[in-house]
Amino acid sequence: MRTQVAIVGAGPAGLLLSHLLDRAGVESVIVETRSREYVEARIRAGILEQSTVDLLREVGLGERLAREGDVHRGIYLQWPRERHHLDFVDLVGRSVTVYGQTEVTKDLGRAREAAGQEIVYEVTETAVHDIDSERPYVTFTDADGAAQRLDADVVVGCDGSFGPSRAAVPDPATWERTYSYSWLGILADVAPSTDELIYAWHPDGFALHSMRSAKVSRLYLQVPNGTDVAEWPDDRIWDALAARLGHGQDGWTLTPGPITEKSVLPMRSFVQQPMRHGRLFLAGDAAHIVPPTGAKGLNLAVADVALLAPALAALLRDKDPALADAYSDTALRRVWRCTHFSWWMTTMLHKSDDPFDAQLQLSQLRWVASSTAAATGLAENYAGLPFGY
Ligand code: DHB
C-alpha cells in the first residue's frame with residue numbers, strides 16, 4: 001500500500017488529521033490497533049475549548065455539536081462553605097462546550113467513512129521504519145494475520161504514549177511528573193445537579209461534578225494511587241461526592257442515580273521533545289500527557305493537528321518545508337502552556353500530604369475567586385488560548 005501520509009492511530013487526533021489533510025487535497029491511510037467500536041466507546045473528557053469548537057465547525061463537523069453540545073459560560077470553584085462562579089465570557093469573551101470525546105470521535109468516524117477514508121482497524125505489531133529517509137514506511141499485521149507494508153512520504157504518530165511512534169524518535173528529551181493520587185470517575189444516568197461544572201477543594205480530597213448531557217452526569221473523586229474500584233461501592237461514592245461537593249449547603253443538593261461506568265484514572269504530566277524526527281511527526285498523547293484537571297488533553301491534540309495539517313500540505317503539495325520545520329517548536333509553546341495550566345489546576349485542588357500545601361491552596365483559591373486579574377488568568381487558559389499561541 002502507498003499513500004502520502006501514514007497515520008498511526010484512529011483516535012480524535014488521527015481522524016481529525018486525515019479529515020483536514022483530505023480538505024487540503026492530501027491523501028492518508030490510518031492504521032489502528034483497536035476496533036472502531038472500542039475507539040468510539042472509549043470514555044474521555046468532555047470539555048471543548050472555544051478554538052476546538054470553532055475548528056470543528058469550520059471543517060464541517062459542527063452540526064451535531066451545535067445541536068447537542070451545551071455551551072457553558074464558566075465554572076464554579078469551591079471549598080468548604082464557599083462556592084464562586086467564574087464567568088469566562090465576561091472575563092475573556094470565550095466559552096467552553098460540553099460534548100464528550102466519544103461524540104467527537106463518532107462524528108469524525110462518520111465523516112471519514114462518508115469520504116471513503118481508508119482506516120485499517122485491529123492491526124498488531126505496528127512498527128515505523130526509515131524515518132530518516134524520504135521514504136518512511138509502516139509495517140503491521142492485519143486482522144487476518146497478513147503482514148502489510150504502508151509506504152508514505154510522511155508518518156504521523158497519533159498513537160498515544162504507549163504506541164510505537166513515540167518510541168521511534170531517537171534520544172528525545174523527556175519531562176515527567178507523577179502525582180500521588182488518581183481519579184475515580186463515574187458516569188451516572190441522572191440529570192446533573194449543577195448547570196456548570198463544580199471544581200471542589202475539600203479536606204477529604206478533590207471532587208468534580210461534570211456532565212455529558214441533560215440526563216447523564218460525570219463525576220470524579222480524588223483517590224489514592226492503586227485504588228481498586230471494588231473498594232468503592234456505589235453508596236460510598238455518592239456519600240463521598242455529597243460530602244466533598246457540599247450537599248446541603250445553601251440549599252444545594254446532589255442527586256444520586258444509577259452508576260453506569262466506574263474506573264480509576266492515573267494522573268501524569270509528560271512531554272517529549274522534539275515532536276518531529278525526520279519524516280515522523282508526533283501529535284496528541286504520543287508527545288504529551290496532561291493530568292485531566294482542566295480537560296486539556298483532547299483540546300491540545302486538536303491544536304497539534306490544526307498546526308500539522310497545513311504544515312504537511314505545504315510540504316507535500318507545494319514542496320515548502322517552512323511550516324513543517326517549525327511544527328515542533330510552535331506546537332511545544334502551546335504544549336508547555338497547557339502542561340503548566342493542567343499542573344497548576346491539579347496542584348491547586350488536590351489534597352496533598354503536607355498541611356502547608358492546604359493553606360497555600362486555600363489562599364490561591366480565594367485569590368482566583370476574588371481577583372479579576374487572577375480569574376482572568378484561569379479563564380484565558382481554561383477557555384483556551386487561540387490557535388497560534
Ligand atoms: C471533565 C474532565 C476534566 O478533567 C475536567 O477538568 C472537566 C471535565 C469531564 O470528563 O467531563
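This report walks through the fold, the sheets, the domains and the ligand shell of one predicted model.

## Ground rules

Residue numbers start from 1 along each chain, in the order its sequence is written. Because this is a predicted model, local features need pLDDT of at least 70 and side-chain atom pairs count only at pLDDT 80 or more, while totals for chains, interfaces and linings use all residues.

## Overall build

The protein chain has 12 helices and 22 strands; these are DSSP runs numbered from the N terminus, with helices being H or I of at least four residues and strands being E of at least two. Its radius of gyration is 21 Å, close to the 21 Å that the globule rule gives for 389 residues, so the chain is as compact as a globular protein of that length. That radius is taken over C-alpha atoms, and the rule is 2.2 Å times the number of residues to the power 0.38. Along the principal axes, the C-alpha atoms fill a box of roughly 65 × 45 × 40 Å.

## Two domains

The domain assignment splits the chain into domain 1 (5-72 + 97-176 + 268-352) and domain 2 (180-265), with bounds that come from an automatic or database domain assignment. Their C-alpha centres lie 29 Å apart.

Where the two meet, nine residues of domain 1 are in contact with 17 residues of domain 2, contact meaning C-beta atoms, placed from the backbone, within 7 Å. The side of domain 1 that touches domain 2 divides into four nonpolar residues, four polar and one charged. For the bookkeeping, Ala, Val, Leu, Ile, Met, Phe, Trp, Tyr, Cys and Pro count as nonpolar, Asp, Glu, Lys and Arg as charged, and the others, Gly among them, as polar.

## Around the ligand

The shell around the ligand is made of A45, G46, I47, L197, S210, R218, P292, T293, G294 and A295; a residue is near the ligand if its C-beta atom, placed from the backbone, lies within 6 Å of it. By class, that shell has five nonpolar residues, four polar and one charged. Both domains chip in, with at least three residues each from domain 1 and domain 2.

## The six-stranded sheet

One open sheet runs β8-β2-β1-β12-β21-β20, six strands with mixed pairing; strands pair if DSSP finds at least two bridges between them. Its edge strands are β8 (118-120) and β20 (276-277), each of which pairs on one side only. Further in, β1 (residues 5-8) and β12 (residues 154-157) run parallel over four bridges, and V8 has G157 of β12 as its bridge partner.

## The seven-stranded sheet

Another open sheet, also with mixed pairing, has seven strands in the order β6-β5-β15-β16-β17-β14-β18. At its edges stand β6 (82-87) and β18 (259-265), each with a single partner strand, so one side of each has no neighbour in the sheet. Neighbouring strands here are turned by 20 degrees against each other on average, direction ignored. Helix α11 (residues 355-370) packs on this sheet, touching β5 (74-79) and β6, and its direction makes about 145 degrees with that of β5. Axes are lines fitted to C-alpha atoms, for helices over the stretch in contact, and angles run from 0 to 180 degrees between N-to-C directions.

Inside the sheet, β15 (residues 198-200) and β16 (residues 207-211) pair antiparallel over three bridges, with Y199 partnered by L208 of β16. Six bridges join the antiparallel β5 and β6, and L77 has H84 of β6 as its bridge partner. The hairpin of β5 and β6 has two residues between the strands, and R81 takes a positive phi near 75 degrees there.

## β13, β19 and β22, plus some backbone quirks

Strand β13 (residues 173-178) pairs with β19 (residues 268-273) in the antiparallel sense over six bridges, and T178 stands opposite R268 of β19. Two bridges also join β19 to the antiparallel β22 (residues 288-289), where H288 is the bridge partner of V271.

Most residues other than glycine have a negative phi, and most peptide bonds are trans. Against that background, D171 has a positive phi near 45 degrees; D171 sits in the loop between α7 (164-167) and β13. The peptide bond joining Q273 and P274 is cis, with omega about -5 degrees, and P274 lies in the loop between β19 and β20.
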